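Subject: Handing over a structure

Dear colleague,

I am passing on the structure below, together with some notes to read beside it. Please look through it at your own pace before you turn to the notes.

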Amino acid sequence: MRIVVIGGSGLIGKKLVSKLQELGHEAIAASPSSGVNAVTGEGLADVLVGAQVVVDVTNSPSFEDAAVLEFFEKSTRNLLAAEADASVTHHVMVSIVGADRIPDSGYMRAKVAQEKLIQSAAIPYTIVRATQFFEFIETIISQFPTDGQTVHLPSAFIQPIWSDDVVDTLVDITLGAPVNGIIDLAGPDRFRFEEIIRQFLSTTHDSRQVVVDSHARYFGAALNDQLVPQGNSRIGPTHFENWLNRSIA
């Protein structure tokens, strides 16, 4: 199969392209650095010639509300139009678990807008809503208020996943039939925010302390338990503690 990965130079994109190529598929990493820009439409028509599947793992360079919405809407509209012209038969997109349950976050609203564009198009699709990646724990910490050496965190649950487990699931979905629906994907361990952040800081010898704060916001939104999957979902095999200890080693 010829499979085009939009955002192929990023964390997930690079790994996905490599895995698909190992399986004998013609996997193409498309990104602005390779002359393909979904926001402007540059290079899309050429790269999609002969493609059966497109996987969109792009992310906005800005998290500002208006900018992130513009990014996902423009890139998705351009991509879907180019796919229709190229007779692509499966559009796969990576979103975020709970995006539709966090309307106070501009970023999450933008992801939901992206999902709706895909759902309303004529191209068969699969939307994979993944939880937060292990590799982005430090970024997650930076989203919460810090008072000196103290990080303020909500009491909500989080159920993060290793990026390699996301890639393995994406390989399976990419090579399978479109579900024309949403699949939730999470790691095997569910933590309170303070539990996982405290473990990460301790293991990495970071002296900061954590406190539970009901006013702490995540990407501008109050959290209850919106970041964990509801009902049946696919679960990756890798435990956070195992990943963390390997990473530190």
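A word on terms comes first: a residue is called buried when its relative accessible area is under 20%, exposed when that area is over 50%, and partly exposed in between. Please also keep in mind that this is a predicted model.

With that definition in hand, one pair can be introduced at once: arginine 129 is buried, and glutamate 115 is buried as well. The side chains of arginine 129 and glutamate 115 meet in a salt bridge, at 2.6 Å from N to O. Because arginine 129 belongs to strand β5 and glutamate 115 to helix α4, this pair ties together parts that are 14 residues apart in sequence.

The sheet to which β5 belongs may be the easiest place to find your bearings. It is an open sheet of seven strands, paired in parallel, and its order reads β2-β1-β3-β4-β5-β9-β12. The edge strands are β2 (26-30) and β12 (234-235), each of which pairs on one side only. Further in, strand β3 (residues 53-56) and strand β4 (residues 90-96) are joined in the parallel sense over four bridges, and valine 55 has valine 92 in β4 as its bridge partner.

Two helices that pack on this sheet are worth following in the model. Helix α3 (residues 65-86) touches β1 (2-6), β3 and β4, and its direction makes about 175 degrees with that of β3. Helix α4 (residues 106-120), for its part, touches β3, β4, β5 (125-130) and β9 (181-186), and its direction makes about 160 degrees with that of β4.

Returning to charged side chains, the structure holds 11 salt bridges, and among them is one between glutamate 26 and arginine 2, whose side chains meet at 2.5 Å from N to O. Since glutamate 26 lies in strand β2 and arginine 2 in strand β1, the pair ties together parts that are 24 residues apart in sequence. Glutamate 26 is partly exposed, with a relative accessible area of 40%, whereas arginine 2 is buried, with a value of 15%.

Another salt bridge links aspartate 206 with arginine 208, where the closest N and O atoms are 2.8 Å apart. Both ends of this pair count as partly exposed, aspartate 206 at 26% relative accessibility and arginine 208 at 24%. There is also a network, in which salt bridges that share partners join Lys15, Glu135 and Asp164.

Two residues deserve a second look for their backbone angles. Serine 87, found in the loop between α3 and β4, has a phi near 60 degrees, which is a positive value in a residue other than glycine, and serine 87 counts as exposed at 54% relative accessibility. Histidine 205, found in the loop between α7 (193-203) and β11 (209-212), likewise has a positive phi near 60 degrees, and histidine 205 is exposed, with a relative accessible area of 73%.

Lastly, on the surface, Met1, Leu23 and Leu175 make a nonpolar patch of about 260 Å². Of these residues, leucine 175 is found in the loop between α6 (163-174) and β9, and leucine 175 is partly exposed, with a relative accessible area of 33%.

With kind regards

Methods
Residues are numbered from 1 along each chain as its sequence is written. This is a predicted model: local features need pLDDT of at least 70, side-chain atom pairs count only at pLDDT 80 or more; totals for chains, interfaces and linings use all residues. Side-chain values use heavy atoms; hydrogens and water are left out. Two strands pair if DSSP finds at least two bridges between them. Contact means heavy atoms within 4.5 Å. Axes are lines fitted to C-alpha atoms, for helices over the stretch in contact, and angles run from 0 to 180 degrees between N-to-C directions. Patches are made of residues with over 30% relative accessible area and no salt bridge: like charges are joined within 9 Å, nonpolar side chains (Val, Leu, Ile, Met, Phe, Trp, Tyr) within 5 Å. Accessible areas come from the Shrake-Rupley method with a 1.4 Å probe; for residues, only the protein chains shown count as cover. A salt bridge is a side-chain nitrogen of Lys or Arg within 4 Å of a carboxyl oxygen of Asp or Glu. Buried means under 20% relative accessible area, exposed over 50%, partly exposed in between (1.4 Å probe, protein chains only).
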